[in-house]
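Q: I have a structure open here and would like to talk through how its strands and core fit together. Could you take me through it piece by piece?

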Amino acid sequence: MLPAGEPLGFAEHVSAVRETITQQLPAAWDAVLPGVRGTVRYTRRFGRPTNLEAHERVWLVVEDVAGSATIELNGEKVPDTFYDVTDRLRERNLLQIDVTQPDPAQPAGLVGEVRLEIRYA
């Protein structure tokens, strides 16, 4: 189980155009994809936290995005960057975050932590 408040702490796979790149987060994608603008997809597979008690809920937290983000968990849109995903979790999960940044003068990517938090209901 991921401890409450712990970042997922993983290297993300970043897809741009036809490339798949591994990038440690949080970070702007400029370090590995200089000059790329448009939309980049970040993906992460993870297991459902175990030993959850009935009064505990799992929240997805996406702290800071440089650009605009569309978030999906297991193919379903997540409407906010701080959202209770308990009822959407499966044994194995796929998190996808599409970040769009058209302005070459601005940083781009997931520049804050992405994590699961376990909270009391």
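A: Gladly, and one term is needed before we begin: two strands pair if DSSP finds at least two bridges between them. Please also keep in mind that this is a predicted model.

Q: OK, so over how many bridges do E6 and E11 pair?
A: Strand E6 and strand E11, the latter covering residues 109-110, pair in the antiparallel sense over two bridges, and within this pairing Ala66 stands opposite Gly109 in E11.

Q: Which sheet has those strands in it, and in what order?
A: They belong to an open sheet of three strands with antiparallel pairing, in the order E3-E11-E6. Strand E3 (27-28) and strand E6 (65-66) are the edge strands, each pairing on one side only.

Q: What comes just before E3, in the loop between E2 and E3?
A: Pro26 lies in that loop, which follows strand E2 (19-24), and the bond joining Leu25 and Pro26 is a cis peptide bond with omega at about 0°.

Q: Switching to the core, which residues touch the most other members?
A: The largest nonpolar core has 24 residues, and those touching the most other members are Tyr42, Leu60, Val62, Leu95, Ile97 and Leu110. Two or more residues of this core come from each of strand E4 (38-47), strand E5 (56-62), strand E7 (68-73), strand E10 (92-101) and strand E12 (114-120).

Q: What does Ile97 touch?
A: Setting aside residues up to four places away in sequence, Ile97 touches Val40, Arg41, Tyr42, Val62, Ala69, Thr70, Ile71, Leu110 and Val114.

Q: And Gln96, is that buried or exposed?
A: Gln96, which is found in strand E10, counts as buried because its relative accessibility is 17%, and the cut-off for buried is under 20%. Apart from neighbours within four places in sequence, Gln96 is in contact with Arg41, Tyr42, Thr43, Thr70, Ile71 and Glu72.

Q: Back to E5: why is it described as largely enclosed?
A: Strand E5 is largely enclosed by the rest of the structure because five of its seven residues are buried.

Q: What does E5 pair with?
A: E5 and E12 pair in the antiparallel sense over seven bridges, with Ile118 in E12 as the bridge partner of Val58. E5 also pairs with E9, again in the antiparallel sense, over three bridges, and here Leu60 stands opposite Tyr83 in E9.

Q: How many aromatic pairs turn up in the whole structure?
A: A search of the whole structure finds one, formed by Trp59 and Phe82, which are stacked at 4.8 Å centre to centre with 25° between the planes. The pair links distant parts of the chain, with Trp59 in strand E5 and Phe82 in strand E9 (residues 82-84), 23 residues apart.

Q: How accessible are Trp59 and Phe82?
A: Trp59 counts as partly exposed at 22% relative accessibility, and Phe82 is partly exposed as well, with a relative accessible area of 34%.

Q: Last topic: where is Asn51, and what is its phi?
A: Asn51 sits in the loop between E4 and E5, and its phi is near 60°, a positive value in a residue other than glycine. Asn51 counts as exposed, at 67% relative accessibility.

Q: What about Asn74, buried or exposed?
A: Asn74 counts as buried, at 12% relative accessibility. Asn74 is found in the loop between E7 and strand E8 (76-78), and its phi is near 55°, a positive value in a residue other than glycine.

How values were computed: Residues numbered from 1 in each chain as written. Predicted model: local features only at pLDDT ≥ 70, side-chain atom pairs only at ≥ 80, totals over all residues. Heavy atoms only, no water. Helix = DSSP H or I, 4+ residues; strand = E, 2+ residues; numbered from the N terminus. Core = buried A, V, L, I, M, F, W, Y, C linked by side-chain atoms within 4.5 Å. Buried < 20%, exposed > 50% of the residue type's maximum accessible area, 1.4 Å probe, protein only. Contact = heavy atoms within 4.5 Å. Phe/Tyr/Trp six-rings, centres within 6.5 Å; stacked < 30°, edge-to-face > 60°.
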